[in-house]
Amino acid sequence: MTDKFCMVVSEGSFDKAMMPLIMGTTGASMGMEVHVFYTFFGLKLLKKGMKPKLPGMMRFFTGMMEKKMSKFKIPGYQEMMEQAKDLGVHFYACSTSMSLMGMKEADLMEGTKVLGASAFLNLAADSKMTLFIG
Amino acid sequence: MHGSDNTAGVDVVEKDATLDAKGLMCPMPIVQLARKIKEMKSGQILELLADDIGAKEDVPAWCSRTGNQLVGQEEDGKTFSFYIKIK
């Protein structure tokens, strides 16, 4: 049976944005079924073409961080997202947060499913690992 | 037949493809490995080259978890060569 690996993302800064993608692509590469649930401030990470920034005042240094990552051949946010989707990682937007943040389904990147807490918890209940990011 | 540290016998491993992941850091060698394997057939052997320090443990772990067999492993200075038989 395939191991399920679930993650909940509740913040939308750059570091919190990369974590589920890096872990998700790794899990998917290892044959796990990965489900990532974005809620509250994490929801904006699922916006089409989103470019996350480092938290607080550090946001002005995002460019520097991106340059450094590029030097180490680490893919950027959008590229990493595409790789994750390509490997079958599932992305979910919290339905309630969408209403709170005034987001519409049309704002979400392609391939995102809208899900409620109960449906997600149903997935997470029998998953091997569930991680909370942010 | 031989343990993973034993490099004798690696010379006779016939590789069907090579994936050069040198210069990439964890988890990229594994992510690329998983994608490459999808394009190959059961029984084929993939040669994976990496110079990421994490790869030394990442690749055997990936193999054991996915059921692909690590049939050979070499270390030449900073470069690791892995020979993976596709299940």
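**View 1. A:Phe40 is partly exposed, with 17 other C-beta atoms within 10 Å.** As everywhere in these views, what you see is a predicted model. Why does A:Phe40 count as partly exposed? Its count of 17 sits between the two cut-offs, because 20 or more would make a residue buried and 12 or fewer would make it exposed. To find A:Phe40, look in the loop that runs between strand S2 (33-38) and helix H2 (62-71) of chain A. The backbone has a quirk here: A:Phe40 is not a glycine, yet its phi is positive, at about 45 degrees.

**View 2. A:Lys73 is another non-glycine residue with a positive phi, this one about 60 degrees.** Follow chain A past H2 and you'll meet A:Lys73 in the loop between H2 and helix H3 (77-86). Is A:Lys73 buried or exposed? It's exposed, with 11 other C-beta atoms within 10 Å.

**View 3. Chain A has five helices and five strands.** Trace the chain along its sequence and you get the pattern β-α-β-α-α-β-α-β-α-β. The radius of gyration is 14 Å, close to the 14 Å that the globule rule gives for 134 residues, so chain A is as compact as a globular protein of that length. Its C-alpha atoms fill a box of roughly 40 × 35 × 25 Å along the principal axes. Of the 134 residues in chain A, 35% are buried. Take the contacts between residues at least 6 apart in the sequence of chain A, and 77% of them join residues at least 24 apart.

**View 4. Chain B is built from two helices and four strands.** Starting at the N terminus, its elements go β-α-β-α-β-β. Chain B has 87 residues, and 31% of them count as buried. Among its contacts with a separation of 6 or more, 65% are between residues 24 or more positions apart.

**View 5. A cis peptide bond links B:Cys26 to B:Pro27.** Omega for this bond is near 5 degrees. Where does B:Pro27 sit? Look in the loop between strand S1 (17-20) and H1 of chain B.

**View 6. Inside chain B, helix H1 (residues 28-38) and helix H2 (residues 55-66) cross at roughly 30 degrees.** Their axes come within 10 Å, and H1(B) passes H2(B) in a right-handed crossing. On the H1(B) side, the residues that meet the partner helix are B:Pro29, B:Ile30 and B:Leu33. H2(B) answers with B:Ala55, B:Asp58 and B:Trp62. Sorted by class, this contact has five nonpolar residues, no polar ones and one charged.

**View 7. Chains A and B meet through 11 residues from chain A and 11 residues from chain B.** On the chain A side, the largest share, four residues, comes from helix H1 (residues 14-29). That side as a whole divides into five nonpolar, five polar and one charged residues.

**View 8. H1(A) packs against H1(B) at an angle of about 40 degrees.** The two axes are 9 Å apart. The angle makes H1(A) oblique to H1(B), and H1(A) passes H1(B) in a left-handed crossing. Which residues make the contact? From H1(A) come A:Thr25, A:Thr26 and A:Ser29, while H1(B) brings B:Ile30, B:Val31, B:Leu33 and B:Ala34. By class, that gives four nonpolar, three polar and no charged residues. You may recognise B:Ile30 and B:Leu33, which also meet H2(B).

Terms used
Residues are numbered from 1 along each chain as its sequence is written. Chains are lettered from A and ligands numbered from 1 in the order in which they are written. This is a predicted model: local features need pLDDT of at least 70, side-chain atom pairs count only at pLDDT 80 or more; totals for chains, interfaces and linings use all residues. Axes are lines fitted to C-alpha atoms, for helices over the stretch in contact, and angles run from 0 to 180 degrees between N-to-C directions. A crossing is left-handed if the near helix is turned anticlockwise from the far one by less than a right angle, and right-handed if clockwise. Two residues are in contact if their C-beta atoms, placed from the backbone, lie within 7 Å. Ala, Val, Leu, Ile, Met, Phe, Trp, Tyr, Cys and Pro count as nonpolar, Asp, Glu, Lys and Arg as charged, and the others, Gly among them, as polar. Angles under 35 degrees count as roughly parallel, over 145 as roughly antiparallel, 65 to 115 as roughly perpendicular and the rest as oblique. The radius of gyration is taken over C-alpha atoms; the globule rule is 2.2 Å times the number of residues to the power 0.38.
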